[in-house]
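Subject: Structure for your review

Hello,

Here is the structure you are taking over, with the sequence. My notes follow below it.

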Amino acid sequence: MTDDPVPATDREVSDEVVRGMVAAIRPEWDVESVERNPYGTDFVATLAVRTPEGPQSVVLKATTADFVDPPIARSEPRLFELVGRETSIPVPEVFGYCDAHEAFPAPFYLVEHVEGENLEDDPESLPPTARERVVRAAGRNLAELHELGPLPAVGSIGVADGKLTVLDTDDHPRAEDFRERLLDDSERTLDALTGGGYFPGLADDPERFADLVEPVREHLRDAIPALPEPDPPTYNHWDYRYGNLLIDPESGETRAVLDWANLSAADPAYNLAKVEFHLLKPVRDDPERTAVLRETFRSAYAEGREGWTFDEATLERMAVYRLTDRLDAMACLPLWYEDATPAERDERAAEHRAFLAERVPGIDA
């Protein structure tokens, strides 16, 4: 299963519209073929185009769903440009973008097509040394990303007045302290676990984790405010996972890091905890293997940030952040495992319960 297996049935874009969108950005290009990506929440297609310099394979992405607000969606091509200019993190080259359009779904943009495999379904298929290379690259990439900070506040990265910024709006308020933002987000996720609020798919299964909500809520209301003071906020690519990487499956080379449309400004330790959650698989790997991968990731990150250490305060924050990451995964279980069998969903749910039972008083596995 992928993390966002949502068919594109409700957001089809005709070939004629695709050609119009390309012409709005690159009028000198001719579209020769359109290969649509059937998954995801927005329109994504790989195009073969003829340019004055010769044939080119490119990707067109347009915001066609309501999951990402336009001010945030507009940030993605700009972040590609920033990261490509200021770091060695591999990202696609940007050919142009359009923030708003009267006739076409917007924002939309064009970037180069990068060869590589998405291994969301089966990262364990990588040879051991290749998987270690992916994890090591993740540590280096996050170190470089975090060095682009600090940012002026905690919040959502978006575009205002045509420029990247930490948004400060009614829909996306800033926060002075990351702990405040984290507790608010956790409360919303816990509400979603009982069918309140919005989480894709969860309304179909509101009772699965309902008995866990109040013990976890009580625990986090005590634990989060008591955490050591977070580090100054930096860019957080909190969805850095196998499904958002293009990888050489033999060598493990990371050829592109994708999905920059929903970054946050947050404690860098939060990003580290998120990425460990996504890239390490302690349920499927044995403890020794998990420890090797964790050390590979952390060493690469520390080497990339002068003076950084995984000190006691950082590790304490990461432990709580991992708990909030688990809540997000629980809330997204019906979406992420929409095509799974009931037994597979039950297995994932049991893993979540076991994790919480080890960390939250009053919960049994």
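**A buried aspartate, and what surrounds it**

Asp325 has a relative accessibility of 1%, so this residue counts as buried. Please keep in mind throughout that the model is a predicted one. Asp325 belongs to helix H9. Beyond the residues within four places in sequence, Asp325 makes contact with Tyr270, Ala273, Lys274 and Phe277.

**Aromatic pairs**

Tyr270, one of those contacts of Asp325, also takes part in ring pairing. Nine aromatic pairs were counted in the model. In one of them, Phe178 and Tyr321 meet edge-to-face, with 5.5 Å from centre to centre and 85 degrees between the planes. Phe178 is part of helix H5 (residues 178-192) and Tyr321 is part of helix H9, so this pair ties together parts of the chain that are 143 residues apart in sequence. Both Phe178 and Tyr321 are buried.

Tyr270 and Tyr321 make another edge-to-face pair, at 5.5 Å centre to centre and with 80 degrees between the planes. Here the link runs from helix H7 (residues 268-279), which holds Tyr270, to helix H9, which holds Tyr321, and the two residues are 51 apart. Tyr270 counts as buried because its relative accessibility is 11%, and the cut-off is under 20%. For Tyr321 the value is 0%, so Tyr321 counts as buried too. Through these ring pairs, Phe178, Tyr270 and Tyr321 are joined into a cluster.

Leu182 touches two members of that cluster, Tyr270 and Tyr321, as well as Ile224 and Thr324, with residues up to four places away in sequence left out. Leu182 sits in helix H5 and counts as buried because its relative accessibility is 3%. As for distance across the model, the C-alpha atom of Leu182 is 37 Å from that of Thr46, and the two residues are 136 apart along the chain.

Two arginines deserve a look as well. Arg326 lies over the face of Phe355, 4.1 Å from the ring centre. Arg359 also lies over the face of Phe355, at 3.7 Å from the ring centre.

**Nonpolar cores**

Which residues have the most contacts inside the largest nonpolar core? They are Trp260 and Leu356, in a core of 76 residues. Helix H9 (residues 312-331) contributes the most to this core, with eight residues. Another core, of 20 residues, lies apart from it and includes Val31, Ala45, Leu47 and Val58.

With neighbours within four places in sequence set aside, the contacts of Trp260 are Ser75, Glu76, Leu79, Phe80, Val83, Ile89, Val91, Leu145 and His237.

**The sheet and its helices**

Five strands form an open sheet with antiparallel pairing, in the order S1-S2-S3-S5-S4. Strand S1 (30-36) and strand S4 (94-98) each have a single partner strand and stand at the edges, so one side of each has no neighbour in the sheet. On average, neighbouring strands of the sheet are turned by 25 degrees against each other, direction ignored.

Strands S1 and S2 (residues 43-51) run antiparallel and are joined by six bridges. Asp30 has Arg50 in S2 as its bridge partner, and Val31 stands opposite Val49 in S2. The hairpin of S1 and S2 has six residues between the strands, and Gly40 in this hairpin takes a positive phi near 100 degrees.

What packs on the sheet? Helix H3 (residues 75-86) does, touching strand S3 (54-62), S4 and strand S5 (108-112). The direction of H3 makes about 150 degrees with that of S4. Helix H1 (residues 15-25) has Val18, Gly20, Met21, Val22 and Ile25 buried. The buried residues of H1 pack against S1, S2, S3, S4 and S5.

**Where to start**

If you open the model at one place, Tyr321 is a convenient one. Tyr321 pairs with Phe178 and with Tyr270, and Leu182 touches Tyr321. From Tyr270 you can go on to Asp325, which is in contact with Tyr270.

Regards

Note on methods
Residues numbered from 1 in each chain as written. Predicted model: local features only at pLDDT ≥ 70, side-chain atom pairs only at ≥ 80, totals over all residues. Heavy atoms only, no water. Core = buried A, V, L, I, M, F, W, Y, C linked by side-chain atoms within 4.5 Å. Buried < 20%, exposed > 50% of the residue type's maximum accessible area, 1.4 Å probe, protein only. Helix = DSSP H or I, 4+ residues; strand = E, 2+ residues; numbered from the N terminus. Contact = heavy atoms within 4.5 Å. Pairing = 2+ DSSP bridges. Axes fitted to C-alpha atoms, helices over the stretch in contact; angles between N-to-C directions. Phe/Tyr/Trp six-rings, centres within 6.5 Å; stacked < 30°, edge-to-face > 60°. Lys NZ or Arg CZ within 6 Å of the ring centre and 35° of its normal.
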